[in-house]
Amino acid sequence: EPIASLNATAAAAEAADLRVELNQWRRDYYDQDAPKVEDDVYDREYARLVALETAFPTLVTPDSPTQLVGGTVKAGFTKVQHEIPMLSLGDVFSHGELQEFDDRLRQNVTEPFDYNCELKIDGLALSLRYENGRLVQGSTRGNGTIGEDITQNIMTIDSIPHQLSRPLTIEVRGECYMPKAAFAALNERREAAGDPIFANPRNAAAGSLRQLDTKVTAERQLSTFMYNVADYDVLTARTQSEMLTEFADLGFAINPDFKVAKSMADVYSYIDHYQNERPDLPYGIDGIVIKANPLPLQRSLGATVKVPRWAIAFKFPPDEQPTLLEDVEWTV
Ligand code: NAD
């Protein structure tokens, strides 16, 4: 039903139903690493809730999925407090919505700036803490403020340096993912062994990283791309794109397919290019992310309770042939 024709009571009832439904799907997805519906189904219902809350702002509750990041800490894991929260990303699904994001930003920023375009890697966020160049802690995003301590697990991932090339004390953030080939081989082995298979590489990565048994993580061929920092002051980089290059110099794996866009036309050609490349990439992507390139601008724009104001994800339509969720038995 069009939102314009709803009265406040009907809108409140629909929003309450959506919150219950979405929060259950979130528990399945984030806490159990076992989604019960496809992402586009979740995204559609979520968008409807956003539209209801925009039309009727008093409907926003603190437990609304529109106000929450991620899931909860899994039993058995030590909790890690993120002093600088790990956030989600706003998302858009069309060029029109992307243009609105750009217009909004340009209205609020007087000086000219570029965007850095990056691939949106379909994995899960992780944070790595280094003291004087030495890796001391790894954690998951969790609910954004409290994540899971996965230090022993990340020590087994080849792409994560134990020692940086400079003795920095820094918290670096990025994505942990399972390459497509590793995912296919893992599901083949599991099928042969009669074990339940994973629905997609994202859930396989999450299920493999959030393991109490470090040996299991070590066998799963996880990889990482780092793309963010809790606090950029210790770096020499002053733009997002320089930061990625500096990360590579420090010893991190970064995704090389980033590009600085001088205009929205450049952004659109980046999108078109990688939408075509997507099937041939060795890892899953579910869209692209554009980020205001200057780091001081990122800092001054800041974030809402849920998403940074200086970045947005452009989501691609759902991937080729998803595994039928009803064929997947859920235990990890
Ligand atoms: P998200 O995955 O849409 O976007 C935020 C995340 O993108 C970041 O936390 C980061 O981990 C990741 N990312 C990848 N590449 C990045 C890059 N280059 N720069 C910055 N970040 C990058 O948001 P979310 O909060 O993790 O989850 C929301 C999405 O999860 C929804 O859009 C939905 O599709 C899916 N979801 C699905 C279900 C389901 O039941 N199927 C349930 C809940 C959520």
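Student: How many Å separate the centres of domain 1 and domain 2?
Tutor: The separation is 25 Å, taken over C-alpha atoms. Domain 1 covers 3–67 and domain 2 covers 79–327; such bounds come from an automatic or database domain assignment. Residues are numbered from 1 along each chain as its sequence is written. The model is predicted, so local features need pLDDT of at least 70 and side-chain atom pairs count only at pLDDT 80 or more, while totals for chains, interfaces and linings use all residues.

Student: Which residues make up the contact between the domains, by number?
Tutor: Domain 1 contributes 8 residues and domain 2 contributes 10. Being in contact means that two C-beta atoms, placed from the backbone, lie within 7 Å. On the domain 1 side, the residues are 2 nonpolar, 1 polar and 5 charged. Here Ala, Val, Leu, Ile, Met, Phe, Trp, Tyr, Cys and Pro count as nonpolar, Asp, Glu, Lys and Arg as charged, and the others, Gly among them, as polar.

Student: What makes a residue part of the shell around the ligand?
Tutor: Its C-beta atom, placed from the backbone, must lie within 6 Å of the ligand. In this model 24 residues surround the ligand, and the closest are Tyr29, Pro35, Asp39, Ser88 and Ala125. Sorted by class, the shell has 12 nonpolar, 2 polar and 10 charged residues. Each of the two domains supplies at least three of its residues.

Student: Which element gives the most to that shell?
Tutor: Helix H1 does, with 4 residues. Helix H1 (8–31), helix H2 (39–55) and strand S3 (115–121) each supply at least two. Helices (H or I, at least four residues) and strands (E, at least two) are DSSP runs, numbered from the N terminus.

Student: Why is strand S4 described as largely enclosed?
Tutor: Let's count: 6 of the 8 residues of S4 (124–131) are buried, so the rest of the structure largely encloses this strand. "Buried" means 20 or more other C-beta atoms within 10 Å of the residue's own, "exposed" means 12 or fewer, and "partly exposed" is in between, with C-beta atoms placed from the backbone. For strand S8 (223–229), 7 of the 7 residues are buried, so that strand is largely enclosed too.

Student: How do you know that S4 and S7 pair?
Tutor: Pairing needs at least two bridges found by DSSP. S4 and S7 (170–177) have 7, in the antiparallel sense, so they pass the cut-off in the definition. One of these partnerships joins Leu124 to Cys176. S7 also pairs antiparallel with S8 over 6 bridges, where Gly174 partners Met226.

Student: What links S4 to S5?
Tutor: They form a hairpin with 2 residues between them, and Asn132 in the turn has a positive phi of about 45°. S4 and S5 (134–140) pair antiparallel over 6 bridges; Glu131 has Arg134 as its bridge partner.

Student: Which strands stand at the edges of the open sheet S2-S11-S10-S3-S9?
Tutor: S2 (91–92) and S9 (259–261) do: each has a single partner strand, so one side of each lacks a neighbour in the sheet. S2 runs parallel to S11 (311–315), joined by 2 bridges, and Val92 stands opposite Phe314.

Student: What makes a set of residues a nonpolar core?
Tutor: Its members are buried Ala, Val, Leu, Ile, Met, Phe, Trp, Tyr and Cys residues joined through C-beta atoms within 7 Å. The largest core has 59 residues, and Ala205, Phe247, Ile288 and Ile290 touch the most other members. Beyond its neighbours within four places in sequence, Phe247 contacts Val172, Met226, Phe252 and Ile254. A second, separate core of 5 residues includes Ala15, Leu18, Leu49 and Leu52.
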